Amino acid sequence: MFCIVAFVVLSILGIFSATNRQLAREALDCVLRRVTFRPCTTGFDEKMKAKILGKVINYSQPVARFLNQYFEALAWTFFLLFLASSIFAVRGLYLFYTTGSCNGLNQAGFCVFDPTGANNQISAAVESCSVTPRTASNLTLNGVDMSSFPVLNPDSKDKIVFIGCYDCAYTRETYPIIMSLARHYNASVTFLHYPVKESTDYMSKVSYCAYQQDPSKYWAMNDAFFDTDKATMDSSGFVKTTLTDLGYDYATFQVCMNDPATEKAVQNQLAQIDKTNFYGTPTVSIDGEWFVGPKPYRVYAIGLAGLLYWLK
Amino acid sequence: MDLKRIRQDFPILRDSAEHKPYVYFDNACQSLRPQVVIDAIQDYYVKMSACSGRSMHQLAAAVTQGCDQARSKVAKFLNVAKKEEVIFTRNTTEGINLVANSLELHAGDVVLISDKEHNSNLIPWQLQAKRRGIVVRIIPSQVDNTFDLDAFSRLLDAKVRLVSLGFTSNLDGVTIPAAEVVKRAHKNGSLVLLDAAQTTLHQRIDVKSLDVDFLALSGHKMLGPSGTGVLYGKYRLLEQLQPFMVGGETVASSTYESCEFLPLPERLEAGLQDYAGIMGLGAAAQYLQGMGFDTIQKQERLLNETITEGILKIHGLKLIGPQDAKLRGSIATFYFDDVDSHRVALMLDQMDAIMVRSGQHCVHSWFNAHQLKGSVRASLAFYNTEEEAARFVDNLNKIRKVL
């Protein structure tokens, strides 16, 4: 058992030292013998044991005696720990690859591959009174009326529902990924704008009115909004310039913006979004599976097309 | 004996910030080299670096002279009658093989060896037994592993053509009564070959007074370069040897059908020689002779007595060979029934940079006969100190307490 642990440790150390590389080779030879049920005749384990004891004995004879007496048991313990940690490491790697976190989808615990937790960051929504706790497991589309929200490729069998806000950094990070994915896989995208920041409350109306006036130009407008610097978006002339450039009738748009029915419709939209139990943006549902926070492209792609998404 | 000054002659023993001071107790394997030997080797490559003999230019002349001087130094070291009796080889093994393959031996001829010969003085005779039908007889040692003269005499008969013995055993450091062995063998009409690999560093060898017929030694065990050695032989006997390695440097002339061999020593030194090594070996012989063997033996005996006294108190330690350190020259070989010898050697190295040999020391036959897996061998040289001997005993004690 000692050979296996030693092989792994020495292989890593061997990256930096030729001596350890040679020892790693000896350990490998020993491992190969052990796994084929042959005795390890290289003397590797004996050599390493002597080396370890030789070092330890200078510091503490009782510890050296203990090591000598229980060397095999300790080797087994380390092997089992190594095995367990290897399983967890492989699991963590797999989860990171498929969900963007070593701990699983939308789990915010520490992950060595994403130490800052960037893949789980959200722009938190203001909590509303709700009997259902706002957690990833409680996210739902049941009972949510999405008929008034903008939708791209409505007839596609793959459904993406994207809750985001124009002014939120993480949504802005995710938006191009989702759109690229939708275009590549011809998936349906429903965009649910939720203004996390009060200063962009009016953008819900903008989104609603623009879609009502001309759905065909809506996604170009969305692209422009997400492509524009946030500071620019706050300026008063920004919406007018963008819509005018895209060929919208700005006068008609203004009428819509001032219509009390628009306010009512937008409030209804926000209420529908609230029914999803979401708690921050971006929140994305791909065929019923929820992704909270800005995930890498591969995570959304796996959600949409499976592990072998790159073949499709 | 000014040990401090002597140790300064050995670059590897000088203080270094890079490592702990070495305790080199593996001298039976290879001795360390003094600066004069290193200088002699370097001189060849820096100042000569050419062929000996065959070329006529001044560099070749310098090499020829250098090698000739080295031969003279070795001849003086062994008290050889004629320097042509010194044949340069690569090591003791080659010297013994040269005799084994070149001496006229017939089927049924007996070669006597002891029961604790190094493989170098066992395998060549086993091979001749298969090839030429000679008979190899083993002289059993006494219970304490010293040479049994009576057993030797009992085995001497008319069929014994050659007695080939280790002068000093690399297993336990015991030196045989060589003069008496030679005397009895000659009386029987047998030749004597001595493997002096383990003797040259520790005792004066006088081949003339020993009257030995052949004697092989290694340079690397007597402060000289590795890859060098000497076969001494009485001139008339060397002349009778049929060269088994031939080719360049061994002949004066050749036709497509035959050749005319050169006289000794060239006829037995086939191929281009290790000139740098030969010069280094000459320097080593001169250095050792300058040291004086009385001083060397006194120092080594003192060290071995210190070690023997210390280790005999260690629980479970079994010494190989006689308990009396004086009979074991510069070697203390031991084992524990319950501890692997390699582990002990490795731990000594790790703990305090103490370098010893572990295993069967190329005397597998003896270990197999005694059903022992191996042993630890501390082999000393005159440049070792009492402080080192104490460090060795102290660390061995610690190991025993832990293992």
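Guide: Two strands pair if DSSP finds at least two bridges between them. Strands (E, at least two residues) and helices (H or I, at least four) are DSSP runs, numbered from the N terminus. This is a predicted model: local features need pLDDT of at least 70, side-chain atom pairs count only at pLDDT 80 or more, and totals for chains, interfaces and linings use all residues. Residues are numbered from 1 along each chain as its sequence is written, while chains are lettered from A and ligands numbered from 1 in the order in which they are written.

Visitor: How do you know that strand S3 and S4 of chain B pair?

Guide: Strand S3 (residues 110-114) and S4(B) share five bridges. At least two are needed, so they pair. The sense is parallel. B:Ile113 stands opposite B:Ile138 in S4(B).

Visitor: What makes S2 and S4 of chain B edge strands?

Guide: Strand S2 (86-89) and strand S4 (135-139) each pair on one side only. The open sheet runs S2-S8-S7-S6-S5-S3-S4, with mixed pairing.

Visitor: Why are A:Tyr218 and A:Phe225 in H8(A) called buried?

Guide: A buried residue has 20 or more other C-beta atoms within 10 Å of its own; 12 or fewer means exposed, and in between is partly exposed, with C-beta atoms placed from the backbone. A:Tyr218, A:Met221, A:Asn222 and A:Phe225 are buried, so each meets the first cut-off.

Visitor: What puts these buried residues on the same side of H8(A)?

Guide: They cover an arc of only 105° around the axis. The arc is that of the directions from the helix axis to the C-beta atoms. On the other side, A:Ser216 and A:Asp227 are exposed.
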